[in-house]
Amino acid sequence: MTVRFDPLTVDWFGLATIRLEGQTGAVVYIDPGPEHYGVLDGYDARDGDLVLISHDHHYDPASIRRVAHEESLIVVHESIDASEIDRVDDDPDDLPYDVERVGDDDSFVLGPLDLFTTPAYNDPDGPHTDENGIPYHPEGRGCGFGVTIDGVTAYWPGDTDVLPVHETLPVDLFVPPIGGTFTMDRHEAAALAARLEPNLVLPVHYDTFEAIETDDEAFVVEVARSGVPIVLDR
């Protein structure tokens, strides 16, 4: 299903793979793949002007090639290093595209698009840690992305807990993870949506595999109770 929101069309393919297209034709992909989850099986559009990769778990050259064209700009978090990822060989800087590395507090103007990043991590004292108490996503190893297309700001916070930086962001379309385990869960995401008061919430990063299964309909009810519009892409 394609979600239409003001001048944007939005598609969620599974996990954190999101496609945004503006009325003026700009196409942005967020975290395509990885290929082993099958979220882009049979997909080969190669129409993305901008491809955003938030952290190493979502970095996959094969999936990037499915969505990027020859003149695409690939924006990746500065920490991504292929030598630390067992399933890939190509480092971001070796891909046949223009590649820009970003930190977790950057902002850019990219032609008709505005882009900003935010920190994305799990608190070592929070609930999203492994059996040894180690965060699944340590601080400094990833980011969230906000992108403004045709005057509409869409925000994907990345694989992260709810953080203080999230509280004051200007967001029109909020695309939070709700699967828990490795990120904020549906209750935390719903509370954040109520505080941000976006014009629309579209949840992602759930049900792709067992560890992030959740009740999306219960999330809809929780968000709707706060008066924030919400839609599911199924």
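A pocket here is an open set of grid points where a 1.4 Å probe fits, with protein on both sides within 12 Å along at least five of seven lines, and a residue lines it if one of its atoms is within 4 Å of a point. The model to which this is applied is a predicted one.

The largest pocket has a volume of about 170 Å³. Its lining consists of L15, P34, H36, Y37, H57, H58, R87, H137, D159, F182, H205 and F209. By residue class, the lining of the largest pocket comprises five nonpolar, five polar and two charged residues.

Two of the lining residues, L15 and P34, have backbone features to look at. L15 sits in the loop between β2 (8-14) and β3 (17-21). Its phi is near 50 degrees, a positive value in a residue other than glycine. L15 is also buried, with a relative accessible area of 2%. P34 belongs to the loop between β4 (27-30) and β5 (48-53). The peptide bond joining G33 and P34 is cis, with omega about 0 degrees.

R87, another residue of the pocket lining, is among the contacts of D56. Not counting residues up to four places away in sequence, D56 touches I80, I85, R87 and R141. D56 is located in the loop between β5 and α1. Its relative accessibility is 17%, so D56 counts as buried, the cut-off being under 20%.

Helix α1 (residues 61-67) contains R66. This arginine has a relative accessible area of 19% and is therefore buried. Which residues is R66 in contact with, leaving aside its neighbours within four places in sequence? They are E35, L40, D41, G42, Y43, D44, A45 and R46.

Helix α2 covers residues 186-196, and R186, A189, A190, L192, A193 and L196 are its buried residues. Seen down the axis of α2, these buried residues fall within an arc of 165 degrees, so they line one face of the helix. The elements that cover them include β12 (173-174), β13 (200-201) and α3 (216-225). Both ends of α2 have a local feature. At the start of α2, a side-chain oxygen of D185 comes to within 3.1 Å of the backbone nitrogen of H187. Just after α2, E197 has a positive phi of about 50 degrees.

Further along the chain, D207 is placed in the loop between β13 and α3. Although D207 is not a glycine, it has a positive phi of about 65 degrees. Is D207 buried, partly exposed or exposed? With 37% relative accessibility, D207 counts as partly exposed.

The segment after α3 holds D233. This aspartate is buried, with a relative accessible area of 3%. Not counting residues up to four places away in sequence, D233 touches M1, V3, V10, D11, W12 and L202. With W12 there is a polar contact: a polar atom of the D233 side chain lies 2.7 Å from the backbone nitrogen of W12. D233 and V204 are 29 residues apart along the chain, and their C-alpha atoms are separated by 8.5 Å.

Note on methods: Residues numbered from 1 in each chain as written. Predicted model: local features only at pLDDT ≥ 70, side-chain atom pairs only at ≥ 80, totals over all residues. Heavy atoms only, no water. Buried < 20%, exposed > 50% of the residue type's maximum accessible area, 1.4 Å probe, protein only. Helix = DSSP H or I, 4+ residues; strand = E, 2+ residues; numbered from the N terminus. Arc of directions from axis to C-beta. Contact = heavy atoms within 4.5 Å. Polar contact = N/O pair within 3.5 Å; in protein donor to acceptor, adjacent residues only side chain to side chain. 1 Å grid on protein atoms, 1.4 Å probe; cavity = no way out; pocket = protein on both sides within 12 Å on 5 of 7 lines; lining within 4 Å. Points joined across faces, edges and corners; volume = space filled by probe spheres on them. Nonpolar A, V, L, I, M, F, W, Y, C, P; charged D, E, K, R; others polar.
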